[in-house]
Amino acid sequence: MVSPPVCTPAEPPSGAFLLSAALRARGFDAVLLDLSLEFYMGIFEREGAGQVSKALELLRGRRGGFTPQTHRTACGFLHGSLVEESRRTGWRTTLMDLEPPTGSHSPSRILQICEEGSAPFQDLYERALDPVLDELKPREILVSVSYLSQLAGAIDAIRHIARRGIATRAGGSLLNSLRETGEGAGELGRVLGRLEYGDGGSLAGTAPGEAMLNRLRWPLTAGRTDYISPRPVVPFAISTGCFWNRCLFCPDRTQPFRKIGPDALVSLMEDAPGEIVSAGPVIHLLDSALAPGYLDEALPSLRRSGAAFYGFARPSRDILSGDLLERAAESGCAMLQYGVESADRKLLETFDKGIDPDTASEVVRRTAGLGIRTYCYFLFGLPGEGPASRVGTMDFIERNAADIDYANISIFNLPVNCELTERAGEFGIRPVRRLQGDDRIRLYLPFTTSGESPRHEVRRFLAGAKASRPGLRSVLTRTPRWFRAAHLAMLEIDGRRSVLDPRFED
Ligand code: SF4
């Protein structure tokens with residue numbers, strides 16, 4: 001199982017990690033090789049001892065003081081090294097993206113530049129892939145593509161593996177999403193060869209309807225696993241799909257909502273290598289939204305694992321019920337990510353978010369009061385959002401700034417595949433459809449409302465707010481630009497529970 005460059009070097013690639021774990025629990029030797037981590041470390045280690053190596057020590061928790069300020073400085077050194085690499089190769093390289101000179105959206109143009117030999121991976125193959133292939137002699141390689149940032153790496157890796165005479169299949173969540181949209185998906189088979197859609201159940205021969213993630217064992221790994229993180233991060237989910245499944249602009253509503261039994265977590269963690277357990281792992285719950293009832297059921301297993309955890313929850317009344325949040329905090333909850341979106345009640349109702357701003361504010365306050373970090377997501381530029389509505393959402397952030405540890409401020413994009421796009425006319429939205437012969441991949445559609453694109457106006461508004469709103473500025477200064485959720489859950493913040501417990505210090 002190969003995860004191509006690039007995805008975050010802070011944690012194992014979740015899709016590939018869990019599929020390897022599910023296959024191993026079913027008796028298959030599916031060995032995970034994270035070529036993305038190898039790619040980044042190849043660049044950073046070329047620098048030798050110096051600022052980059054000190055930055056890595058800090059980001060791995062070996063220097064103490066893992067705070068938003070030191071994090072920003074350390075990331076600055078890594079970023080500087082990647083800027084140099086981008087200049088050298090012509091491929092724009094950051095801590096979460098790798099973009100070929102052709103851009104990332106045209107599979108056929110990416111294939112063309114790979115065929116011309118200008119992809120920057122030859123050294124990576126010689127150093128990290130070929131020795132593993134020589135040793136393991138795999139019968140087949142599954143190349144897991146979860147993000148657009150991995151597409152060019154996947155195309156080139158598949159070509160390299162094929163030259164060595166080994167069969168490949170490409171799978172992963174990006175391919176599943178593109179199959180839903182149909183936008184550019186036709187090109188994928190041509191550039192990636194054999195494709196594997198779905199959750200990987202067909203590889204293991206599971207019965208239809210059986211959830212792959214219900215049985216897990218710690219995956220076998222090849223190559224390095226020294227992720228850039230103070231604590232090892234373990235991907236897991238207590239459900240697939242979304243229990244709410246109603247937001248009109250959500251592109252992820254096709255997957256059925258299913259529970260993953262707490263036993264899967266127990267067997268995964270019981271099987272974890274000693275060095276992971278003794279280093280104080282942090283579980284990354286991948287659920288679209290933690291269902292309060294399922295979270296409640298999973299808390300004893302999470303607590304027993306001894307790990308901290310973080311994930312997405314909905315800022316609605318049900319997370320406040322009883323003492324669920326208190327027990328979550330006591331069971332190791334380090335951070336909850338809340339999709340607050342907007343403070344305009346009418347907009348939230350229109351798009352069937354099922355949350356209201358007053359409750360969201362109460363949820364965020366109570367979560368922070370329990371020492372759980374809060375990471376809030378705001379969405380500006382929803383169709384129908386006027387100037388007053390935008391200002392209202394900014395006022396919400398100002399009022400709650402002391403309880404919002406981190407914020408993600410984004411501008412609405414219209415997903416190709418969602419109910420809102422199907423009902424665009426009802427909301428005065430005019431999506432711009434693709435031109436014939438355009439083979440580019442698209443997960444989002446350009447659109448206009450009342451003949452204009454709201455994105456420009458929203459961009460101007462946000463630039464003004466960032467300059468004039470002190471609460472917003474303090475939240476954004478605290479929010480790291482790179483590494484995102486895994487590191488955010490571990491940063492030391494006044495008033496929040498420490499994840500970097502001294503008992504795990506090495
Ligand atoms: S809560 Fe999130 S995952 Fe669930 S439907 Fe809404 S946007 Fe989608």
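Helices and strands here are DSSP runs, numbered from the N terminus. The model is predicted.

**View 1. The loop between β1 and α1 holds a cis peptide bond.** V6 sits in the loop that joins β1 to α1. The bond from P5 to V6 is cis. Its omega is near 0°.

**View 2. Helix α1 runs from residue 14 to residue 25.** The helix has 12 residues. At 1.5 Å a residue they should span 16 Å, and the end C-alpha atoms are 16 Å apart, so expectation and model agree. Buried residues of α1 are A16, F17, L18, L19, S20, A21, A22 and L23. Their cover includes the strands β1 (2-3), β2 (31-34), β5 (140-144) and β9 (233-236). The helices α10 (201-204) and α11 (262-270) also contribute to that cover. G27 comes just after α1 and has a positive phi of about 90°.

**View 3. Domain 1 and domain 2 meet across a buried area of about 1900 Å².** Domain 1 covers residues 2-204 in the domain assignment. Domain 2 is assigned two segments, 231-414 and 454-495. Between the domain centres, taken over C-alpha atoms, lie 26 Å. Domain 1 brings 23 residues to the contact, and domain 2 brings 21 residues. Carbon and sulfur atoms give 71% of the buried area. On the domain 1 side, E11, F66 and P68 supply 28% of the area buried against domain 2, more than any other three residues.

**View 4. Eight residues are shown around the ligand: C242, N245, R246, C247, C250, S288, R314 and K353.** The shell has three nonpolar residues. Two polar and three charged residues complete it. Cysteines at the ligand are C242, C247 and C250. R246, R314 and K353 also surround the ligand, as do N245 and S288.

**View 5. S104 lies in a loop and is buried.** The loop runs between β4 (98-99) and α5 (107-115). The relative accessible area of S104 is 7%, under the 20% limit, so S104 counts as buried. S104 touches L98 and E99. Its other contacts are I110, L148 and L151, with residues up to four places away in sequence not counted.

**View 6. L265 is a buried residue of helix α11.** Its relative accessibility is 2%, so L265 falls under the 20% limit for buried residues. Leaving out residues up to four places away in sequence, L265 touches F236, I283, S301 and L302. L265 and S305 are 40 residues apart in sequence. In space, their C-alpha atoms are 8.2 Å apart.

**View 7. D352 has a positive phi in the loop between α15 and α16.** The flanking helices are α15 (345-350) and α16 (357-369). Phi of D352 is near 60°, and D352 is a residue other than glycine. Is D352 buried or partly exposed? At a relative accessible area of 26%, D352 lies between the 20% and 50% limits and is therefore partly exposed.

**View 8. F483 has a positive phi in the loop between α20 and α21.** The loop joins α20 (470-478) to α21 (484-488). Phi of F483 is near 75°, again a positive value in a residue other than glycine. F483 has 9% relative accessibility, under the 20% limit, so F483 counts as buried.

Technical notes. Residues are numbered from 1 along each chain as its sequence is written. This is a predicted model: local features need pLDDT of at least 70, side-chain atom pairs count only at pLDDT 80 or more; totals for chains, interfaces and linings use all residues. Side-chain values use heavy atoms; hydrogens and water are left out. A residue is near a molecule or strand if one of its heavy atoms lies within 4 Å of it. Ala, Val, Leu, Ile, Met, Phe, Trp, Tyr, Cys and Pro count as nonpolar, Asp, Glu, Lys and Arg as charged, and the others, Gly among them, as polar. Helices (H or I, at least four residues) and strands (E, at least two) are DSSP runs, numbered from the N terminus. The expected span of a helix is 1.5 Å times one less than its number of residues. Buried means under 20% relative accessible area, exposed over 50%, partly exposed in between (1.4 Å probe, protein chains only). Contact means heavy atoms within 4.5 Å. Domain bounds come from an automatic or database domain assignment. Buried area is the accessible area (1.4 Å probe) that two parts lose on being put together, summed over both.
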